[in-house]
Amino acid sequence: MSRYPTLRSCGYELDRTIGTGGFGKVKLATHTLTGEKVAIKIMDKTKLGKDLPRVKLEISALKNLSHPNICKLYQVIETESHCYVVMEYCSGGELFDHIVEKSRLSEMESRMFFRQIISAVSYLHDNGYAHRDLKPENVLLDREQNLKIIDFGLCAKPQGGMDSLLLTSCGSPTYAAPELIQGVKYHGSDVDIWSMGVILYALLCGCLPFESDNIDELFKKILRGKYLEPGWLSSGSKRLLRRMLCVDPLNRIRISELINDPWVRLGFGCPPSTKTHDIDRCKDMECLEVISQHFDIDKEIVWSRLSKWKYDCETATYLLLLNKKKNGSPLVLKKKEVPNQ
Ligand SMILES: O=C(Nc1ccc2c(c1)CCNCC2)c1ccc(-c2cn[nH]c2)cc1OCc1ccccc1
């Protein structure tokens with residue numbers, strides 16, 4: 001008997017566990033109706049304690065965000081004891097492992113990944129969010145090596161918009177900006193730029209700019225802002241890294257400058273895309289037709305329920321059908337097996 005009967009009754013077949021963390025675990029699963037693979041974060045609410053607000057924050061952020069480089073939310077299922085968050089399947093694993101595997105990436109491959117991070121973070125900031133915990137472990141890859149940012153449990157949506165200051169010290173010290181570890185008021189967008197600089201350094205150099213087993217040593221290095229520049233770095237990448245890993249947030253490069261930086265544009269001739277086409281929110285008549293026929297419900301009634309974006313089983317079925325359409329898979333829903341009499 002499945003350990004999680006709720007998931008089975010909601011139309012998911014569970015597979016193996018692929019990640020565990022303070023929040024709980026992540027299991028692979030298949031959405032029965034569409035046959036699409038998903039990742040399900042399983043959290044025991046009774047054990048979450050002070051982390052429960054983080055989970056609620058991540059879910060509410062993901063419900064408002066739709067971008068090709070942000071891991072998609074499909075469905076949220078809550079019971080008395082558990083919270084199940086059904087997410088986009090990212091079979092390429094962590095960007096971190098990809099860098100370790102290749103020891104370091106070429107300038108062009110680094111640029112290809114980094115432009116996707118810029119695109120996602122500028123979309124985040126445009127929507128009034130700061131991630132505040134950007135690190136290679138929170139960047140996954142799908143099977144086409146498209147980058148997907150995860151873990152919005154520390155993101156902030158400051159009341160007064162992106163210009164208002166934050167104070168909470170959070171995130172992983174290795175990637176944290178000087179002003180964040182100093183405990184002074186900071187702009188969420190500035191600390192994200194610093195973390196992006198650490199990620200760019202990791203892509204290009206295969207190691208981290210500031211490292212120490214001793215937390216005080218690590219803080220001193222971050223506050224000094226001095227790091228090694230390996231000989232293979234081009235002058236353009238060195239200049240960009242200096243502008244991102246700038247201790248004074250007032251002199252640090254801003255996302256609007258980063259988008260047009262010559263190193264970022266090199267070989268592409270254009271800035272990374274910053275406006276996302278909300279394909280997930282558009283009304284796709286083919287997918288509506290498939291759902292309408294399968295459940296024998298009028299298309300307009302289906303859409304009137306879907307457009308409330310409740311992230312229930314109907315939202316999941318629609319978004320996963322959109323996925324199938326994007327991947328060129330046949331737009332069909334599996335008939336429910338009638339248990340033998
Ligand atoms: O689909 C996910 N992961 C994933 C899927 C397939 C495979 C692998 C990995 C391992 C690599 N070999 C191929 C098989 C996958 C999707 C979303 C999320 C996710 C979204 N918000 N939070 C987590 C997590 C996922 O991962 C587990 C994981 C990865 C990094 C930190 C922790 C856990």
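A backbone N or O atom of Cys90 sits 2.8 Å from an oxygen atom of the ligand. Keep in mind that this is a predicted model. On its own the ligand would expose 650 Å², and the protein buries 80% of that. Let's look at who surrounds the ligand, and then at a few spots elsewhere in the chain.

**Around the ligand**
- Where does the ligand sit? The space it takes up is the largest pocket.
- There are 16 residues around the ligand, and the ones that come nearest are Ile18, Lys41, Glu88, Cys90 and Ser91.
- Lys41 also makes a polar approach: a polar side-chain atom of this residue lies 3.3 Å from a nitrogen atom of the ligand.
- What kinds of residues make up the shell around the ligand? They split into 10 nonpolar, two polar and four charged.

**Strands that build the shell**
- Strand E1 (12-21), strand E2 (24-31), strand E3 (37-44) and strand E5 (82-88) each chip in at least two residues of the shell.
- Which strand gives the most? That's E1, with three residues.

**Salt bridges**
- Side chains with opposite charges can pair up when their charged atoms come close.
- How many salt bridges does the count come to? The total is 24.
- One such pair is Glu229 and Arg242, whose closest N and O atoms are 2.8 Å apart.
- This pair ties together distant parts of the chain, 13 residues apart: Glu229 is in the loop between helix H8 (215-224) and helix H9 (235-244), while Arg242 is in H9 itself.

**Both ends of helix H8**
- At the start of H8, a side-chain oxygen of Asn214 reaches to within 2.7 Å of the backbone nitrogen of Asp216.
- Just after H8 comes Gly225, which takes a positive phi of about 70 degrees.

Terms used. Residues numbered from 1 in each chain as written. Heavy atoms only, no water. Near = heavy atom within 4 Å. Polar contact = N/O pair within 3.5 Å; in protein donor to acceptor, adjacent residues only side chain to side chain. Areas by Shrake-Rupley, 256 points an atom, 1.4 Å probe, with all protein chains shown as cover. 1 Å grid on protein atoms, 1.4 Å probe; cavity = no way out; pocket = protein on both sides within 12 Å on 5 of 7 lines; lining within 4 Å. Sits in = over half its atoms within 2 Å of the grid points. Helix = DSSP H or I, 4+ residues; strand = E, 2+ residues; numbered from the N terminus. Nonpolar A, V, L, I, M, F, W, Y, C, P; charged D, E, K, R; others polar. Salt bridge = Lys/Arg side-chain N within 4 Å of Asp/Glu carboxyl O.
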